[in-house]
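Here is a small set of exercises to work through with a viewer open. Try each task yourself before reading its solution.

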Amino acid sequence: MRLSRLLIALALAALAPGAQAKYNGENRGKPVMPAATNAKWQAECSSCHMAYPPGLMSAASWQKVMAGLDKHFGTDASLDAATTREITDYLTAHPSNRWTAATAPIRITEAEWFKVKHGKIGSGIFQRASIKSPANCNACHQHAEGGVFDEHGVQIPK
Ligand code: HEC
Ligand code: HEC
């Protein structure tokens, strides 16, 4: 039974340790938004862009973002020490539970899951005046602020 042997070999190969992790281990969490959110995070991290749900990145990524708020993507987003600590604790308590890589990008948009999921969207679309940047999630995802990103809530603006 050559065929069944081949199928078994293929199945074993898929289960083998060392098989490439999904998105190279850079996967968003499930869910991306914890049941209880933090009021300071909501207030302080939503004034220039939407408050990004914690499950979109790893704890190490959040740690880096929060440690560098004074030089935050060309702007100063620094907060007092107590607020910084509270928001850091919130973000690092609810990071992606499917991120297995040792990497820690400081952009959600640099994670492998993001690049794969948005790979078909041309850079010209992200540059539209109605969108401006891939980081502007809620330009396309109608329910992004609630942590909902499924295909039903996606509408790319003209
Ligand atoms: C003073 C304005 C401002 C505030 C306040 C601010 N940010 Fe940002 N943030 C920016 C800008 C500007 C960018 C770059 C956006 C872009 O590339 O389009 C950015 C980008 C980011 C990114 C990367 C997005 C991506 O994937 O490209 C993360 C993560 C982020 N901010 C987290 C936070 C967190 C957490 C807070 C609250 C502690 C916060 N930001 C508060 C201005 C701000
Ligand atoms: C130009 C519009 C646009 C922007 C901006 C955008 N997305 Fe998307 N996103 C899409 C489209 C289109 C899809 C594919 C929808 C599909 O078929 O699943 C997608 C897919 C996704 C998915 C997968 C959904 C699923 O159920 O598989 C997630 C999660 C996601 N986006 C999160 C984000 C986040 C977080 C940001 C901001 C950092 C962002 N997106 C910015 C258009 C956009």
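The exercises below go from the overall fold to single residues, and they concern a predicted model.

**Exercise 1. The overall fold**

Task: Work out how many helices and strands the chain has, and find what share of its residues count as buried.

Solution:
- Step 1. Start with the secondary structure: there are six helices and zero strands, so the pattern along the sequence reads α-α-α-α-α-α.
- Step 2. Turn to burial. The chain has 158 residues, and 23% of them count as buried.
- Step 3. Look at the contacts between residues at least 6 apart in sequence: 71% of these join residues at least 24 apart.

**Exercise 2. The faces of helix 3 and helix 4**

Task: Decide how the buried residues are arranged around helix 3 and around helix 4.

Solution:
- Step 1. In helix 3, the buried residues are S61, W62, V65 and M66. Because they cover an arc of only 125° around the axis, they sit on the same side of helix 3.
- Step 2. Ask what this side packs against: the buried residues of helix 3 pack against helix 4.
- Step 3. Check the length of helix 4. With 13 residues, helix 4 spans 18 Å from its first C-alpha to its last, close to the 18 Å expected at 1.5 Å a residue.
- Step 4. List the buried residues of helix 4, which are I87, Y90 and L91. Down the axis they fall within an arc of 95°, so they line one face of the helix.
- Step 5. Now view the other side of helix 4, where A81, A82 and A93 are exposed. The buried residues of helix 4, for their part, pack against helix 2 and helix 3.

**Exercise 3. The nonpolar core**

Task: Find which residues touch the most other members of the largest nonpolar core.

Solution:
- Step 1. Recall the general trend: in soluble globular proteins, nonpolar side chains tend to be buried together.
- Step 2. The largest nonpolar core holds 17 residues, and I87, L91 and I108 touch the most other members.
- Step 3. Two or more residues of this core come from each of helix 3 (59–67), helix 4 (81–93) and helix 5 (112–117).
- Step 4. Follow L91 outward. Beyond its neighbours within four places in sequence, L91 is in contact with W41, P54, W62 and M66.

**Exercise 4. Two ligand shells**

Task: For each ligand, find how many residues surround it and how they divide by class.

Solution:
- Step 1. Ligand 1 is surrounded by 18 residues, the closest being C45, C48, I108, S133 and A135. This shell has ten nonpolar, six polar and two charged residues.
- Step 2. Ligand 2 is surrounded by 22 residues, with C137, C140, F149, D150 and E151 the closest. Its shell divides into 14 nonpolar, four polar and four charged residues.

**Exercise 5. Unusual backbone geometry**

Task: Locate the cis peptide bond, and say whether F73 is buried or exposed.

Solution:
- Step 1. Keep the baseline in mind: most residues other than glycine have a negative phi, and most peptide bonds are trans.
- Step 2. The cis bond joins K30 and P31, with omega about -5°; P31 lies in the loop between helix 1 and helix 2.
- Step 3. F73 has a positive phi, near 50°, and lies in the loop between helix 3 and helix 4. Because F73 has 12 C-beta neighbours inside 10 Å, it counts as exposed.
- Step 4. K132 also has a positive phi, about 75°, and is found in the segment after helix 6 (123–126).

How values were computed
Residues numbered from 1 in each chain as written. Chains lettered and ligands numbered in written order. Predicted model: local features only at pLDDT ≥ 70, side-chain atom pairs only at ≥ 80, totals over all residues. Core = buried A, V, L, I, M, F, W, Y, C linked by C-beta atoms within 7 Å. Buried ≥ 20, exposed ≤ 12 C-beta atoms within 10 Å, placed from the backbone. Helix = DSSP H or I, 4+ residues; strand = E, 2+ residues; numbered from the N terminus. Contact = placed C-beta atoms within 7 Å. Near = placed C-beta within 6 Å. Nonpolar A, V, L, I, M, F, W, Y, C, P; charged D, E, K, R; others polar. Arc of directions from axis to C-beta. Expected span 1.5 Å × (residues − 1).
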